[in-house]
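Thank you for making time this morning. I would like to walk through one structure slowly, and I ask you to keep it on the screen while I speak.

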Amino acid sequence: MNKTVFTKDLTNKKILVERHFDAPVALVWKTWTDATLLDQWWAPSPWKAKTKSMNFKEGGYWHYCMVGPEGEVAWARLDYDKIKVHISYSAKDAFCNEAGKINKDFPGAYWEVSFSATGTGTKVNVVTSYNSVEELEAMVNMGFQEGFAMAHDNLDELIKTLV
């Protein structure tokens, strides 16, 4: 089974994330950029992701929530900056409310996500950048690494049904 690797770079206030998926770049790209597919893997189990709206284009955004097993709801949005189809995208991530208004009481991050073909599938690299080491550590303490690794495991399972 593939494993998500996390590296904290405190000097540069970044978390580097790497994961290999056993599928071609075009399919892995689609699972990261199509709301119907994102809803099937993005949240760590037993939570579920639910898209309210998505406009995957430069200047567009994904507005979604994660719904917990007891009905808890956590809203977020990802505002897309640059997109190079099948290669990379970057976006600003933030917690928000149901109307999409950003909650400045929680840390956000700038995401750079890249996709590259390997001999057996696709390597996805994610770099999340923070305004401070304190914000980075707050995200880690909120379970970012464990949750993202669990979501990647969900994606592995989804990919098996799509290839």
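**A walk through the model**

Let me begin with helix α1, where the buried residues are Val 25, Leu 27, Val 28, Trp 29, Thr 31, Trp 32 and Thr 33. That makes 7 of the 9 residues in this helix, which spans residues 25-33, so that α1 is mostly covered, buried here meaning under 20% relative accessible area. Please keep in mind throughout that what you see is a predicted model.

Stepping back to the whole chain, we find 4 helices and 8 strands, and, read from the N terminus, the elements follow the order β-β-α-α-β-β-β-β-β-β-α-α. The C-alpha atoms occupy a box of roughly 45 × 35 × 30 Å along the principal axes. For 163 residues, a compact globule would be expected to have a radius of gyration near 15 Å, and the protein chain, at 15 Å, agrees with that. Buried residues account for 44% of the 163 residues, while the chain exposes about 8500 Å², of which carbon and sulfur atoms supply 53%. Of the contacts with a separation of 6 or more, 48% are between residues 24 or more positions apart.

One residue gives us a closer view of such contacts, and that is Phe 21, which lies in strand β2, residues 14-21. Is Phe 21 buried or exposed? Its relative accessible area is 0%, and because buried means under 20%, Phe 21 counts as buried. If we set aside the neighbours within four places in sequence, the residues in contact with Phe 21 include Asn 2, Val 28, Thr 120, Val 124, His 152, Leu 155 and Ile 159. Val 28, as you may recall, is one of the buried residues of α1. Trp 41 is 20 residues away from Phe 21 along the chain, and the C-alpha atoms of the two are separated by 13 Å.

Let me turn now to the empty space in the model. Rolling a probe the size of a water molecule over the atoms shows where such space is left. The largest pocket has a volume of about 550 Å³, and it is lined by 22 residues, with Pro 44, Met 66, Phe 95, Met 139 and Phe 144 lying nearest its centre. Which element gives the most to this lining? It is α4, with 4 residues, although β4 (61-67), β5 (73-84) and β6 (88-95) are also among the elements that each supply at least two. In character, the lining divides into 18 nonpolar, 3 polar and 1 charged residues.

Finally, a few details of the backbone deserve a look. Most residues other than glycine have a negative phi, and most peptide bonds are trans. Against that background, Ser 45 and Pro 46 are joined by a cis peptide bond, with omega at about 10 degrees, and Pro 46 sits in the loop between α2 (35-41) and β3 (48-54). Lys 13, in the loop between β1 (5-9) and β2, has a positive phi, near 55 degrees, without being a glycine. His 86, in the loop between β5 and β6, likewise is not a glycine and has a positive phi of about 65 degrees. As for their surroundings, Lys 13 counts as partly exposed at 30% relative accessibility, and His 86 counts as partly exposed at 35%.

Key: Residues are numbered from 1 along each chain as its sequence is written. This is a predicted model: local features need pLDDT of at least 70, side-chain atom pairs count only at pLDDT 80 or more; totals for chains, interfaces and linings use all residues. Side-chain values use heavy atoms; hydrogens and water are left out. On a 1 Å grid over the protein atoms alone, a cavity is a set of points where a 1.4 Å probe fits but cannot get out, and a pocket is an open set with protein on both sides within 12 Å along at least five of seven lines; lining residues have an atom within 4 Å of a point. Grid points are joined across faces, edges and corners, and a volume is the space filled by probe spheres set on the points. Ala, Val, Leu, Ile, Met, Phe, Trp, Tyr, Cys and Pro count as nonpolar, Asp, Glu, Lys and Arg as charged, and the others, Gly among them, as polar. The radius of gyration is taken over C-alpha atoms; the globule rule is 2.2 Å times the number of residues to the power 0.38. Buried means under 20% relative accessible area, exposed over 50%, partly exposed in between (1.4 Å probe, protein chains only). Contact means heavy atoms within 4.5 Å. Accessible areas come from the Shrake-Rupley method with a 1.4 Å probe; for residues, only the protein chains shown count as cover.
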